Every structure is written in structure tokens, then in C-alpha cells.
Amino acid sequence: MSSQSFHQEIDPSLLPKHIAVIMDGNGRWAKARGKARMFGHKAGVDAVRKTVSAANRLGIQVLTLFAFSSENWRRPEEEVSLLMELFVTVLGREVKRLHKNGVKLKVIGDTTRFSQSLQDKIAAAEALTANNTGLVLNVAANYGGQWDIMQAVKKLAAQVERGEIPAGQLTEGDLQVHLSCSGLPDVDLMIRTSGECRISNFMLWQAAYAELYFTEQFWPDFDETSLTDAIAWFINRERRFGCTGEQIKAMLQVEK
Ligand code: IPE
Ligand code: IPE
Ligand code: MG
């Protein structure tokens, strides 16, 4: 279904506010075609473009895409360096279009390990799009959920050390403000492609109550229809947040 017709049929208040995607299966997609893994990563960029524009058209508030994990450095050196080159090229090529479409781009993760030129490109792209009010697009690069929590803990510990907050009074909210996605809604829907059913250290805190959607499709095949299928599935889930199903039904009755 196109996002246009999907949008007309769906009550916008039912849409997930924050969608996070583990874009997996580029290597296997390429292998199935007798090609090198890099061919799959390049095809994956087209799927990113389709997904971002569909999410923006649908009025999704936040889309977080897992592009490179803190564990992906373990891959063969050649694949890692070609992936870095691909990031630089794609950033340079796509940022104007994103800006034109009102997308606010943010790279989350430990970017200090990237080359200076890539760090500069990231900073320029973030600055250019900083005031945009459309889709917030977080690209998770050298990201790990444990890293995210740890870097937040370090900032919080420094606050405690300075005597700003007594350790005994710390709340979840005090940690949350230091996390990568602070100020944004938690992940409602997490999608993983390629048939793998694991989280691979992605958004560990922010996805505490996310609905998890696993599809067999490899990432390069993911498109607007795949996204609307995932959202339609999400809309039919009953989210309970610890309550009973009966309580949720009663609450929905009151809202009607
Ligand atoms: C996801 O595809 C992209 C990255 C992790 C950069 P993979 O490269 O993991 O593809 P598979 O899992 O080997 O098929
Ligand atoms: C997760 O995919 C990371 C990204 C999609 C960037 P991987 O393919 O690296 O995950 P594992 O190692 O198979 O769990
Ligand atoms: Mg993989």
C-alpha cells in the first residue's frame, strides 16, 4: 500500500511515534546474487532512501536506523573501510535532499573513532538540518546500547561527584537526559530484517517497551510497502505497559 493511501486510512494518533530499524541482511542479499558484500551495502542505501521518505510522508516523528554497530569493527578491515567510504559518499550525496524534505539528521554513537573528514561531514549535515521540523532521522553509527548507557552513566557520575545530585536520589529520568535519544519519545516499534530475532545491542534502554517486528526480508528489499506492513502490524498490537488486557480495554473505552 502506498503511504498516501495508507495515511488516508489510518488515524495518525495510532502511528508509532518512534520507529527503530536494524537494517540487516545486506551481505546475504548480495551473496544470493553471486556478488560481493559491498554490493549489498550499496543496495541497502536505496532501501534507506525509500524508508526515510515513506516515514517522512507518513508523519512519523522519529526514525532511528542502525547503520554500524560498535561490534561491526570486528568485520574484515576491507569491509569496514569500504563502509566508511560509503558513509562519506552517501552523506555528501543525500544531505541536500534530506534538508529539502525538512528532515532533521542526527548521528548517534561514538563518532570520535571516525576519520576527521567523516566527523566534519556529520557535523555539517547536523548543523544544516538542525532547525528542520519534519522527521527526526537518527543514524546510529558506531552505536551500541551498552555504550549509550555507559556514556550516560559517566555524565551522571560526574554530576554526583560535583555534588549536584545526591546518589541516593537519582531517578531514571536523570540518566535518560544523557542518553543519545534524550528528549525524543521512546521506541514504539523496532523492526529487524533478514530473519534474525535478536536486538544486537541496539537501543537497549529506549526500546524497553517497544513492539518487536521481525521480517524475513533482507534489508535491500525493504521498501514503503514493507514499512506500512510493519506499521499495520504494530497498530493491531495491544500494548499493556504492565497492565492487564482488561484495564487497557477499559481505558480505550473511556477515550472513545
Ligand atoms: C547489515 O547487513 C549492514 C551492517 C551491519 C553494516 P549485514 O552486513 O549484517 O548483512 P548479513 O547479515 O551479513 O547478511
Ligand atoms: C546489527 O547487524 C548492526 C547493524 C544492522 C548495523 P549485525 O549483522 O552486525 O548483527 P549480528 O552481529 O548478526 O547480531
Ligand atoms: Mg548481519
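Which element gives the most to the shell around ligand 2? Keep that question in mind, and I'll come back to it in a few minutes. Hi everyone! Today I'd like to walk you through the pockets and ligands of this structure. One thing to know at the start: this is a predicted model.

Let's begin with the largest pocket. Its volume is about 1000 Å³. Lining it are 46 residues, and those nearest its centre are Met-23, Val-48, Phe-66, Ala-67 and Phe-87. Many elements take part here: α2, α3, β2, α4, β3, α5 and β4 each give two or more residues to this lining. The largest share comes from α4, which gives nine residues. If you want to find α4 in the sequence, look at residues 77-100. What about the kinds of residue in this lining? Sorted by class, there are 26 nonpolar residues, ten polar ones and ten charged ones.

Now, who lives in there? Ligand 1 sits in the largest pocket, and ligand 2 sits in the largest pocket too. Let's visit them one at a time.

Ligand 1 comes up now. From the early part of the sequence, its surroundings include the run Met-23, Asp-24, Gly-25, Asn-26, Gly-27 and Arg-28. Further along, Arg-37, His-41, Ala-67, Asn-72 and Arg-75 complete the list. By class, this shell divides into two nonpolar, five polar and four charged residues.

Which polar atoms should you look for around ligand 1? In the side chain of Arg-28, an N or O atom is 2.7 Å from an oxygen atom of the ligand. The side chain of Arg-37 also has an N or O atom at 2.8 Å from an oxygen atom of ligand 1. Gly-27 takes part through its backbone, with a polar backbone atom 2.9 Å from an oxygen atom of the ligand. And how much of ligand 1 does the protein cover? On its own, the ligand has 380 Å² of accessible area, and the protein covers 86% of that.

Two elements give two or more residues to the shell around ligand 1, namely α2, residues 26-31, and α3, residues 37-58. Of these, α2 gives the most, with three residues.

On to ligand 2, and back to my opening question. The answer is β2, which gives four residues to the shell around ligand 2, the most of any element. You can find β2 at residues 62-69. The neighbours of ligand 2 include Phe-66, Ala-67, Phe-68 and Ser-69. Others around this ligand are Ile-22, Met-23, Asp-24, Asn-72, Arg-75, Arg-192, Arg-198 and Ser-200. By class, the shell has five nonpolar, three polar and four charged residues.

Some names may sound familiar by now. Met-23, for example, is around ligand 1, is around ligand 2, and is listed among the residues nearest the centre of the largest pocket. Ala-67 appears in those three places as well.

For polar atoms around ligand 2, try zooming in on Arg-198, where an N or O atom of the side chain is 2.7 Å from an oxygen atom of the ligand. Asn-72 has a polar side-chain atom 2.9 Å from an oxygen atom of ligand 2. For the side chain of Arg-192, the corresponding distance is 3.2 Å. The protein covers 78% of the 390 Å² of accessible area that ligand 2 has on its own.

Last stop: the second largest pocket. About 720 Å³ of space lies in it. Its lining has 22 residues, and Ser-13, Leu-14, Arg-239, Leu-252 and Glu-255 lie nearest the centre. Here the elements giving two or more residues are α8, at 224-235, and α9, at 245-255. The biggest contributor is α9, with four residues. By class, we get eleven nonpolar, three polar and eight charged residues.

That's my tour. Thanks for listening, and I'm happy to take questions!

Technical notes
Residues numbered from 1 in each chain as written. Chains lettered and ligands numbered in written order. Predicted model: local features only at pLDDT ≥ 70, side-chain atom pairs only at ≥ 80, totals over all residues. Heavy atoms only, no water. Near = heavy atom within 4 Å. Polar contact = N/O pair within 3.5 Å; in protein donor to acceptor, adjacent residues only side chain to side chain. Areas by Shrake-Rupley, 256 points an atom, 1.4 Å probe, with all protein chains shown as cover. 1 Å grid on protein atoms, 1.4 Å probe; cavity = no way out; pocket = protein on both sides within 12 Å on 5 of 7 lines; lining within 4 Å. Sits in = over half its atoms within 2 Å of the grid points. Nonpolar A, V, L, I, M, F, W, Y, C, P; charged D, E, K, R; others polar. Points joined across faces, edges and corners; volume = space filled by probe spheres on them.
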